[in-house]
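I opened this notebook to record what I looked up in the structure, entry by entry, beginning with the terms and ending at the surface.

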Amino acid sequence: ILLNVSDFDAKEIIILSVDCVNYPTTEFRLDPGTEWYDHKSHGPGLKYEYAVCVHHVSSSLYDLQSSYHATATATDILFSLIIMEAILCLDQGPFPAGKYNDMSVFLGMEKKKQPKAEWNRDALYWKLPKGKKVVADSIYSGCPEKVMIKREGHPEWVTEYLDRIQNRQETYHERLANFNILSSKFRHGKSSEEKMQLHRMAVDCVAFLVHHDLKYHPLMDV
């Protein structure tokens, strides 16, 4: 899914909320290491970044980019049928849960103290044009030019507005996690690469089902 920021209202500053989610898996036995460790589940896991629209947008925001180039999968076909009033604008992953924190994924940093010139240009940070911002939690506080977080001194109405945006994002995450294939330890795939590919396929299918349900049970307005 490719983000096209030109489809947002030109006057709109806060366009997205963003956060990462870790999903538990079984051990990566052919590629063991601490990079897979998820501190929340105290075991191996995979991390995904979700960017959710703050306001409803049309489906023209969406474009499908096949991860398999010339070969379209069933998941590709499902996402080409996404509903008209969509919520999810960008999902990236999977990443080893212990290798990157949420801020590193947002910036595209592969390692600490990496020069900015070497950051991954596919990261969300680079997709946001000047003047556009996302709402996120305090781990993103080091990037004020692109991220708005709750701070002391904000008027009460601003704090309440940011709370609603973040609560809305968490509700979306909860709807994904309601599916056992994501909330339970994922055990499919022989190699690490195959496990990550199959897990990505499962995430895409669940996201499609959640989007379809949003047509009848939408997220709250902010």
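Entry 1, terms. I take helices to be DSSP runs of H or I with at least four residues, and strands to be runs of E with at least two, both numbered from the N terminus. The model is a predicted one, which I keep in mind for every entry below.

Entry 2, overall layout. I counted 6 helices and 6 strands in the protein, and reading from the N terminus I noted the order of elements as β-β-β-α-β-α-α-β-β-α-α-α. Of the 222 residues in the protein, 46% are buried.

Entry 3, the cores. I looked up the largest nonpolar core, which has 25 residues, and found L16, F106, L107, L124, V134, Y140 and V147 to be those with the most contacts inside it. The elements that contribute two or more residues to this core are the strands β1 (14–24), β3 (43–57) and β4 (86–96), together with the helices α2 (102–107) and α3 (124–127). A second core, separate from that one, holds 20 residues, among them F28, Y50, V52 and Y172. As background I noted that nonpolar side chains tend to be buried together in soluble globular proteins.

Entry 4, helix α4. This helix covers residues 156–177, and its 22 residues reach 31 Å from the first C-alpha to the last, close to the 32 Å expected at 1.5 Å a residue. I listed its buried residues, which include V158, L162, I165, Y172 and L176, but also Q166, R168, Q169, H173 and R175.

Entry 5, F208 and helix α6. I placed F208 in helix α6, which spans residues 192–214. Is F208 buried or exposed? F208 counts as buried because its relative accessible area is 17%, while the cut-off for that class is under 20%. I then checked F208 against L176, and the two are 32 residues apart in sequence and 9.8 Å apart in space, C-alpha to C-alpha.

Entry 6, cysteines. How many disulfides does the structure hold? I found 0 disulfides. I also looked at two cysteines, of which C20 is buried at a relative accessible area of 5%, and C143 is likewise counted as buried, at 1% relative accessibility.

Entry 7, the surface. I noted a nonpolar patch on the surface formed by F179, I181 and L209, with about 240 Å² of accessible area together. Within this patch, I181 belongs to helix α5 (residues 180–183), and I record I181 as partly exposed because its relative accessible area is 39%.

Technical notes: Residues are numbered from 1 along each chain as its sequence is written. This is a predicted model: local features need pLDDT of at least 70, side-chain atom pairs count only at pLDDT 80 or more; totals for chains, interfaces and linings use all residues. Side-chain values use heavy atoms; hydrogens and water are left out. Patches are made of residues with over 30% relative accessible area and no salt bridge: like charges are joined within 9 Å, nonpolar side chains (Val, Leu, Ile, Met, Phe, Trp, Tyr) within 5 Å. Accessible areas come from the Shrake-Rupley method with a 1.4 Å probe; for residues, only the protein chains shown count as cover. A salt bridge is a side-chain nitrogen of Lys or Arg within 4 Å of a carboxyl oxygen of Asp or Glu. Buried means under 20% relative accessible area, exposed over 50%, partly exposed in between (1.4 Å probe, protein chains only). A nonpolar core is a set of buried Ala, Val, Leu, Ile, Met, Phe, Trp, Tyr and Cys residues joined through side-chain atoms within 4.5 Å. The expected span of a helix is 1.5 Å times one less than its number of residues. A disulfide is a pair of cysteine sulfur atoms within 2.5 Å.
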